[in-house]
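Q: Please take a close look at one part of this structure and describe how that part fits into the whole. A formal, connected account for a newcomer would be appreciated.

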Amino acid sequence: RLKNPPPAAPAAPANRSVFDSPGNLGGAPPPARGGGTCGGAGGDAAAVLGHFKRTMELQEMLTKGEHEAAFATVLQAQSLDLLTWLCTKIDPSALLSPRHAPPPSQIVLASLAQQLAYDLSKETGLKLRWLQAVLPVIRPTDPLIKPNLGRVLEHVAASLQSCTEVLGNAGHPSHASLLAVSAVVSQLQAAIR
């Protein structure tokens, strides 16, 4: 029996932006579950089931075409499991197509790139495919992301570099994606220097 229960976490201020959280745009990366090496497969299905209510809300947003709101919700939650789940529900090329209106905001795209790159040991192919689609549409001159984009790109580059031992093998199925994503990161880094 507990004599003194732990204090409840304080509620987030109502006026906070979904992008104020430290895991977005250069702050601390989102918390990861478990570890592992790069190139692993499969997410944690039990964790997704644990987020059942949130996944139902996200599914409703997707049904209504509210992709920006769905990504903002997941990015704010800083849950790699939910982010991976959401990415399996949307085709990145369709979402980022010029025909898709409205396109995701630059701040969502930058936050998405940062969080996708955080743990490349799980769902590696999916995350690299999304990074390959998201990074080329990031506009480094956008005033909302410009101040922090350098740190985001450093994080993405470091995550990719940490995987080169596994993914750098030309026989690995994600090798070409790793090279493509690394090239785009280098181009963006050169554009902001």
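A: Read along the sequence, the protein chain follows the pattern α-α-α-α-α-α-α-α-α-α, with ten helices and zero strands. Helices (H or I, at least four residues) and strands (E, at least two) are DSSP runs, numbered from the N terminus. The model is a predicted one, in which local features need pLDDT of at least 70 and side-chain atom pairs count only at pLDDT 80 or more, whereas totals for chains, interfaces and linings use all residues. Residues are numbered from 1 along each chain as its sequence is written, and side-chain values use heavy atoms, with hydrogens and water left out.

Of the 193 residues of the protein chain, 45% count as buried; buried means under 20% relative accessible area, exposed over 50%, and partly exposed in between, with a 1.4 Å probe and protein chains only. Contact means heavy atoms within 4.5 Å. Among contacts between residues at least 6 apart in sequence, 75% join residues at least 24 apart.

The part chosen here is helix α7, which covers residues 124–134. Eight of its eleven residues are buried, so α7 is largely enclosed by the rest of the structure. The buried residues of α7 are T124, L126, K127, L128, W130, L131, A133 and V134.

The loop between α6 (106–118) and α7 contains E123. The phi angle of E123 is near 50°, a positive value in a residue other than glycine. Most residues other than glycine have a negative phi. With a relative accessible area of 24%, E123 is partly exposed. A phi near 50° also occurs at Q78, again a positive value in a residue other than glycine. Q78 is placed in the loop between α3 and α4 and, at a relative accessible area of 13%, is buried.

Within α7, W130 takes part in an aromatic pair, and the structure holds one such pair. Rings of Phe, Tyr and Trp (its six-membered ring) pair if their centres lie within 6.5 Å; planes under 30 degrees apart count as stacked, over 60 as edge-to-face and the rest as tilted. The ring centres of F71 and W130 are 5.5 Å apart and the planes stand at 55°, so this pair is tilted. F71 belongs to helix α3 (residues 67–77) and W130 to α7, so the pair ties together parts that are 59 residues apart in sequence. Both F71 and W130 are buried.

Helix α7 also meets helix α10 (residues 175–192). The axes of α7 and α10 come within 9 Å and cross at roughly 35°. Such axes are lines fitted to C-alpha atoms, for helices over the stretch in contact, and angles run from 0 to 180 degrees between N-to-C directions. The crossing of α7 and α10 is left-handed, a term used if the near helix is turned anticlockwise from the far one by less than a right angle, with right-handed used if clockwise. On the α7 side the meeting residues are L128, L131 and Q132, and on the α10 side S177, L178, A180 and V181. These residues divide into five nonpolar, two polar and no charged. Here Ala, Val, Leu, Ile, Met, Phe, Trp, Tyr, Cys and Pro count as nonpolar, Asp, Glu, Lys and Arg as charged, and the others, Gly among them, as polar.

Helix α10 itself includes H175, which at 15% relative accessibility counts as buried. Leaving aside neighbours within four places in sequence, H175 is in contact with L167, G168, N169 and A170.

Beyond α7, the loop between α7 and α8 (146–162) holds P140. At 17% relative accessibility, P140 counts as buried. Residues up to four places away in sequence not being counted, P140 touches K146, L149, L188, A191 and I192. One of these, A191, is 51 residues from P140 in sequence, while the two are 6.9 Å apart in space, C-alpha to C-alpha.

Another helix pair may be set beside this one. Helix α2 (residues 52–63) and helix α4 (residues 80–89) pack at an angle of about 30°, with their axes 11 Å apart. That angle makes α2 roughly parallel to α4, since angles under 35 degrees count as roughly parallel, over 145 as roughly antiparallel, 65 to 115 as roughly perpendicular and the rest as oblique. The crossing of α2 and α4 is right-handed.
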